[in-house]
Amino acid sequence: MTALLTRRDALAALAAALAVPAHALIDVDDTLSSFTGGKPVAEGRVSIEMEDVIADGFTVPISLKAESAMTEAEYVTEILLLAPANPFGKVAVYSFTPLSGEARVATRIRLAGRQTLIAIAKYTDGTCWAGRKSVEVQTNGCEG
Amino acid sequence: MSAAPRVKIPDKAAKDEIVDVRTFITHAMESGLRKDEAGQSIARRIINRFEASFDGRPVFSATIEPAVAANPFIRFAMRATASGDLICTWHEEGGNSWTAMAHLEVT
């Protein structure tokens with residue numbers, strides 16, 4: 001038990017020391033506020049599913065989902081995915097319609113290092129909701 | 001450089017069933033951040049846009065950045081409303097594009 005925790009802590013510290021760039025090439029806060037139009041972002045409704053510890057940052061499976069019935073009256077229009085410690089903090093913007101049926105997407109991304117990913121969903125009623133996920137990344141997937 | 005755009009959905013679905021759409025294209029998604037063995041920067045070349053529509057109606061789209069891994073795989077959902085064709089298009093920065101199609105029969 002003790003040995004396992006120690007090794008995990010050591011790996012996490014190493015990943016953090018190696019991987020986070022000094023500064024991102026785009027401003028994550030600007031990207032977020034232009035996406036939301038300056039509206040407040042509430043926590044909840046959005047989930048990010050992925051491994052907690054990622055050995056290979058070059059190909060990281062990730063699934064996003066925002067809760068919605070996806071009817072004509074109310075649906076998720078867009079989800080923005082940010083990886084703030086990557087060279088470009090923005091990963092993608094996904095757009096949905098009622099024909100989507102569910103506001104979900106699964107893909108594979110690159111991650112530079114230990115960080116907290118953020119997914120923000122915009123709804124037709126004007127509200128914005130966010131989900132977060134902290135991960136450790138052992139191999140920088142944005143270089144080499 | 002780029003090939004084999006693919007889209008996979010079930011052949012048949014019940015009306016209003018939510019079906020899974022799996023898409024894939026072979027592409028390096030060269031970020032512009034990497035260097036070759038001589039230390040020279042490798043030019044950026046990425047797919048930056050993906051669009052899916054069913055009989056002309058938008059279902060799902062994505063604007064993607066270099067943080068998306070090589071050989072982009074995108075899986076999303078679609079509500080089966082009527083029989084028709086799902087058309088997916090991948091756009092590369094600079095103008096190239098590729099298309100794939102799949103037919104859905106609503107029973």
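I take helices (H or I, at least four residues) and strands (E, at least two) as DSSP runs, numbered from the N terminus. The model I am reading is predicted.

Entry 1, chain B by itself. I looked up its secondary structure and found 8 strands and 0 helices. Reading from the N terminus, I get the order β-β-β-β-β-β-β-β. I then checked the extent of the C-alpha trace of chain B, which spans about 60 × 20 × 20 Å along its principal axes. Chain B has 107 residues, and I note 30% of them as buried. For contacts in chain B with a separation of 6 or more, I find that 57% join residues 24 or more positions apart.

Entry 2, the contact with chain A. How many residues does each chain bring to the contact? I count 28 residues from chain A and 26 residues from chain B. On the side of chain B that touches chain A, I see that β5 (57–64) and β6 (73–79) each supply at least two residues. The most comes from β5(B), with 8 residues. I sorted that side of chain B by residue class and got 17 nonpolar, 5 charged and 4 polar.

Entry 3, strand pairing across the chains. Which strand of chain A pairs with β6(B), and in which sense? I find strand β7 (residues 103–109) of chain A, paired with β6(B) in the antiparallel sense over 3 bridges. I also looked for the residue opposite Val105(A), and noted Phe76(B) in β6(B). β6(B) thus enters my notes twice, as a supplier of residues to the side that touches chain A and as a partner of β7 of chain A.

Key:
Residues are numbered from 1 along each chain as its sequence is written. Chains are lettered from A and ligands numbered from 1 in the order in which they are written. This is a predicted model: local features need pLDDT of at least 70, side-chain atom pairs count only at pLDDT 80 or more; totals for chains, interfaces and linings use all residues. Two residues are in contact if their C-beta atoms, placed from the backbone, lie within 7 Å. Ala, Val, Leu, Ile, Met, Phe, Trp, Tyr, Cys and Pro count as nonpolar, Asp, Glu, Lys and Arg as charged, and the others, Gly among them, as polar. Two strands pair if DSSP finds at least two bridges between them. A residue is buried if 20 or more other C-beta atoms lie within 10 Å of its own, exposed if 12 or fewer, and partly exposed in between; C-beta atoms are placed from the backbone.
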